[in-house]
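Trainee: Before we open the model, could you take me through how such features are read, one at a time?

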Amino acid sequence: MKKIVAALAALAVGATVLIAPAQAQDKKYTIALIPGLTTDGFYITMRKGAQAAADALGVNLVFQGAPEFNPVTQVPVLDAVIAKKPDAILIAPTDKVQLVEPLRKANDAGIPVITVDTFIGTGSYQTGAGDADFPLAYIASDNVLGGEIAARALATAIGDKGKVYVSNVKPGISTTDQREEGFKKEMAKHSGITVLETQFNDDDANKAASQLQAVFARNPDLVGVFGANLFSALGAANGVKQAGQTGTVKVVAFDAPTSIVDNINTGLVDVAIAQHPAEIGYFGVVSAYAHLTGHSIPVSIGTGFTIMDKSNIADPNISKYLYSE
């Protein structure tokens, strides 16, 4: 964490230096931001952070993406962006394997690539090893840490004992893979808690709800579930409600759109872990601009989290981290 804070501090200082002479730059750079999907509050908030940095630096920001989180729809968008030859690309890859070769096309065309939120390969870049280390940087929440935070919150909510499981999307998505990894890593420290088999719902909230009821039928002593993304959490929460177990089976959600306020206040969701997507977008643009103007940048930058529950959701210092709609 000290390294992350130091990297953020260094980049923030660098940003003030870069912003000051931005007006004097002869070239107006174009930076493209390709989100995981265009309609999600997380990426809408990321875009706002990116735009704030672009405005300060005199950069032209292009925001272009697909309406669903899927490599089949994202790759054509990426190809179209590459054809327009922006000065740099910020992208949230929708698959850590399937986006390697499409992104290599950008790199081979001389367009610097920075991944935001999600990564390709292992997420370790500029190492000289592997076929997916060519991006300049990875800027995101520390998702392993986020999973650990979610596990600690759930452990507290269930009195540190009982059966729980992870409701996840599908294997191969870097962020949700890491959240599950962090969750299980932390829960291994809690001897009174048993983690059941992960349920993969293909980002289908109805499927997540059905899975919750099936798990509960097999394990009537189930006391908690961690939704590795919002659809997983809300689907599982609805399954809890349909099973008549609201308040008994605790639900921890990852991500925090404005709708999570009602979910928390009504007891549908017990805890939400909010990322800071505006920071990701902001530092993404600043990093790209720094590279384009001859400055070195960190290869990895982690942003923070805010824990939300019924006790603090009305606090403006907490609610400011809710995502835009």
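Mentor: Let us begin with Ser174, bearing in mind that this is a predicted model. Buried means under 20% relative accessible area, and Ser174, at 2% relative accessibility, therefore counts as buried. Ser174 lies in helix 6, and a polar atom of the Ser174 side chain lies 3.1 Å from the backbone nitrogen of Phe119.

Trainee: Where is His190 placed, and does its accessibility make it buried or exposed?

Mentor: His190 sits in the loop between helix 6 and strand 7, and because its relative accessibility is 15%, it counts as buried. The side chain of His190 is also joined to the side chain of Asp160 by a polar contact of 2.6 Å.

Trainee: Which strands pair with strand 6, and in what sense?

Mentor: One reads pairing from the bridges that join two strands, so I will take the partners in turn, citing the cut-off that at least two bridges are needed. Strand 6 (residues 162-168) pairs with strand 7 (residues 193-195) in the parallel sense over three bridges, and Lys163 has Thr194 as its bridge partner in strand 7. Five bridges join strand 6 to strand 9 (residues 222-227), and these two run parallel, with Val164 standing opposite Gly224 in strand 9. Strand 8 (residues 199-200) pairs with strand 6 in the parallel sense over two bridges, and here Ser167 stands opposite Gln199.

Trainee: How many residues of strand 6 are buried, and what unit does strand 6 make with helix 6 and strand 7?

Mentor: Strand 6 is mostly covered, since five of its seven residues are buried. Together, strand 6, helix 6 and strand 7 make a right-handed β-α-β unit.

Trainee: How should I read the two faces of a strand?

Mentor: In a regular strand the side chains alternate between the two faces of the sheet. In strand 3 (residues 88-91), Ala88 and Leu90 point one way while Ile89 and Ile91 point the other way, and all of them are buried. Strand 2 (residues 60-63) offers another case, with Leu61 and Phe63 on a covered face and Asn60 and Val62 on an uncovered one.

Trainee: Which strands pair with strand 1?

Mentor: Strand 1 (residues 30-34) pairs with strand 3 in the parallel sense over four bridges, and it pairs with strand 2 in the parallel sense over four bridges. Ala32 is a useful residue to follow here, as it stands opposite Ile89 in strand 3 and opposite Val62 in strand 2. From strand 1 the chain crosses through helix 2 to strand 2, and this β-α-β crossover is right-handed.

Trainee: What joins strand 3 to strand 4, and which helix makes a unit with them?

Mentor: Three bridges join strand 3 to strand 4 (residues 113-116), and the two run parallel; in strand 4, Thr115 is the bridge partner of Ile91. The helix is helix 4 (residues 100-108), which makes a right-handed β-α-β unit with strand 3 and strand 4. Pro102 lies in helix 4, and at 10% relative accessibility it counts as buried. The C-alpha atoms of Pro102 and Ile82 are separated by 9.7 Å, although the two residues are 20 residues apart along the chain.

Trainee: What can be read from the span and the ends of helix 2?

Mentor: A span is judged against what is expected for the number of residues, and helix 2 (residues 41-57), with 17 residues, reaches 24 Å from its first C-alpha to its last, close to the 24 Å expected at 1.5 Å a residue. At the N-terminal end, Asp40 caps helix 2, with a side-chain oxygen 2.8 Å from the backbone nitrogen of Phe42. Just after helix 2, Gly58 takes a positive phi of about 70 degrees. The buried residues of helix 2 include Phe42, Tyr43, Met46 and Leu57.

Trainee: What is the volume of the largest pocket, and which residues lie nearest its centre?

Mentor: The largest pocket has a volume of about 560 Å³. It is lined by 28 residues, of which Leu37, Asp40, Asp203, Asn229 and Phe231 lie nearest its centre. The elements giving two or more residues to this lining are helix 2, helix 6 (174-187) and helix 8 (230-242). Asp40 thus links two of our topics, for the residue that caps helix 2 is also among those nearest the centre of the largest pocket.

Technical notes: Residues numbered from 1 in each chain as written. Predicted model: local features only at pLDDT ≥ 70, side-chain atom pairs only at ≥ 80, totals over all residues. Heavy atoms only, no water. Buried < 20%, exposed > 50% of the residue type's maximum accessible area, 1.4 Å probe, protein only. Right-handed = clockwise from strand over helix to strand, strands pointing away. Expected span 1.5 Å × (residues − 1). Polar contact = N/O pair within 3.5 Å; in protein donor to acceptor, adjacent residues only side chain to side chain. 1 Å grid on protein atoms, 1.4 Å probe; cavity = no way out; pocket = protein on both sides within 12 Å on 5 of 7 lines; lining within 4 Å. Points joined across faces, edges and corners; volume = space filled by probe spheres on them.
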